[in-house]
Amino acid sequence: MRRILLATVAATSLVLAGCGGSDSGGAALGDVKVSSAKSPKVTVDKGFKVSKTTTKVLKKGGGEALADGDAVKVNYVAVNGRTGKQFDSSFTTGKPLTLTLDKTAVLPGFVKGLSGKNIGSRVLVAIPPKDGFGEANAQLDLKKGDTMVFLFDVVSKAATEASGTAKKLPADVPTLKLDADKKPSTFVKTKKTPGKITKASAHVLIEGKGPEIKMDQTLNVHYLGQIYPAGKVFDSSWSRGAPTTFPLSEGQLIKCWTDLLPGQRVGSRVVLECPADVAYGDKGQGEDIKKGDTLIFAIDLLDAS
């Protein structure tokens, strides 16, 4: 469920229109009731709908205001306005969610609803289809015209880059180059870099001080992926300008990641060398990754929950 709530449909280009202030059309949410329980119940009358993303601040926090592009950790309850039924809650799972307030990373209603709100706030956000999934979603029992209502507790900002103790890569590992903004941009091979590797390996470039990452947690990361040892960069969240969130679970990520990321610490920058048998094997992926390609990644482990 959590993965579905994060992703925009096929990374569709969506219009970003953040809303500031403490209340934007909040009268529409005036009849929504929120209990004071540790795991709050959100009561929404059946048939509730809005035509634009609407917010209502129930409690204003004392922390700094969120800006577009911020990564933020939230607890949430999600309700279908048509049925009045809850379809997800981090309060019951005990796993807060980290969102990046960027139109390419999350549903635009999240960006509109949370931008400008303060850390520590409790916020109701009603999201119409145009700022949500845009169409029916059978898994969540959402029909094409359904409004979603979210209760968000804004817990904290998440890190945007690795932070900790700098480490040196082994001499035979390609060197990670940074751009003018000191963000990872490409790997270049060294004199000792072998042309081929047969065993996956992980190397810590910055050792963070956070908790160890565990399987089946949801990760918030920046990453760069390149054909080993100094081929084409085929993907980079740094180039897109926003970190990415996904579950660390088998079937969701390549085996190299699920084998080597557990046990690494939050806050670290890790380099993974991934032979084809733990990457995309004999099938490749897309236009850039060919059959049998070895891959190399730089990954900033920003958060895990």
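**Exercise 1. Classify K73 in this predicted model: is K73 buried or exposed?**

Solution.
- Take the relative accessibility of K73, which is 18%.
- Compare that value with the cut-off: buried means under 20%.
- K73 therefore counts as buried.
- Now place the residue. K73 lies in strand β5, residues 71–80.
- Then list its contacts, setting aside neighbours within four places in sequence. They are P96, L97, T98, D153, V154, V155, S156 and D303.

**Exercise 2. Describe the largest nonpolar core: which residues have the most contacts inside it?**

Solution.
- Start with the count. The largest nonpolar core has 26 residues.
- Rank by contacts inside the core. L99, F110, L114, M148, F150 and F152 have the most.
- Map the core onto elements. Two or more residues come from each of β5, β7 (97–100), α3 (108–114), β8 (122–127) and β9 (148–157).
- Look for a separate core. Another one, of 25 residues, lies apart and includes I213, V221, L248 and V270.
- Set this in context. In soluble globular proteins, nonpolar side chains tend to be buried together.

**Exercise 3. Analyse the salt bridge between D146 and R82: which parts of the chain does the pair link?**

Solution.
- Check the distance. The two side chains meet at 2.8 Å, N to O.
- Locate each partner. D146 sits in the loop between β8 and β9, and R82 in the loop between β5 and β6 (86–89).
- Note the separation. The partners are 64 residues apart, so the pair links distant parts of the chain.
- Add accessibility. D146 is buried, at 9% relative accessible area. R82 is partly exposed, at 27%.

**Exercise 4. Treat K167 and E207 likewise: how far apart are their closest N and O atoms?**

Solution.
- Read off the distance. The closest N and O atoms of this salt bridge are 3.4 Å apart.
- Locate the partners. K167 is in the loop between β10 (165–166) and β11 (175–178), while E207 is in strand β13, residues 201–207.
- Draw the conclusion. The pair therefore ties together parts that are 40 residues apart in sequence.
- Add accessibility. K167 is partly exposed, at 38%. E207 is also partly exposed, at 34%.

**Exercise 5. Examine the salt bridge between D259 and K255: in which helix do both residues lie?**

Solution.
- Check the distance. The side chains meet at 2.7 Å, N to O.
- Assign the element. Both residues lie in helix α5, residues 255–260.
- Use the spacing. D259 and K255 are four residues apart, about one turn of the helix.
- Add accessibility. D259 is partly exposed, at 42%. K255 is partly exposed, at 47%.

Definitions and conventions
Residues numbered from 1 in each chain as written. Predicted model: local features only at pLDDT ≥ 70, side-chain atom pairs only at ≥ 80, totals over all residues. Heavy atoms only, no water. Buried < 20%, exposed > 50% of the residue type's maximum accessible area, 1.4 Å probe, protein only. Contact = heavy atoms within 4.5 Å. Core = buried A, V, L, I, M, F, W, Y, C linked by side-chain atoms within 4.5 Å. Salt bridge = Lys/Arg side-chain N within 4 Å of Asp/Glu carboxyl O.
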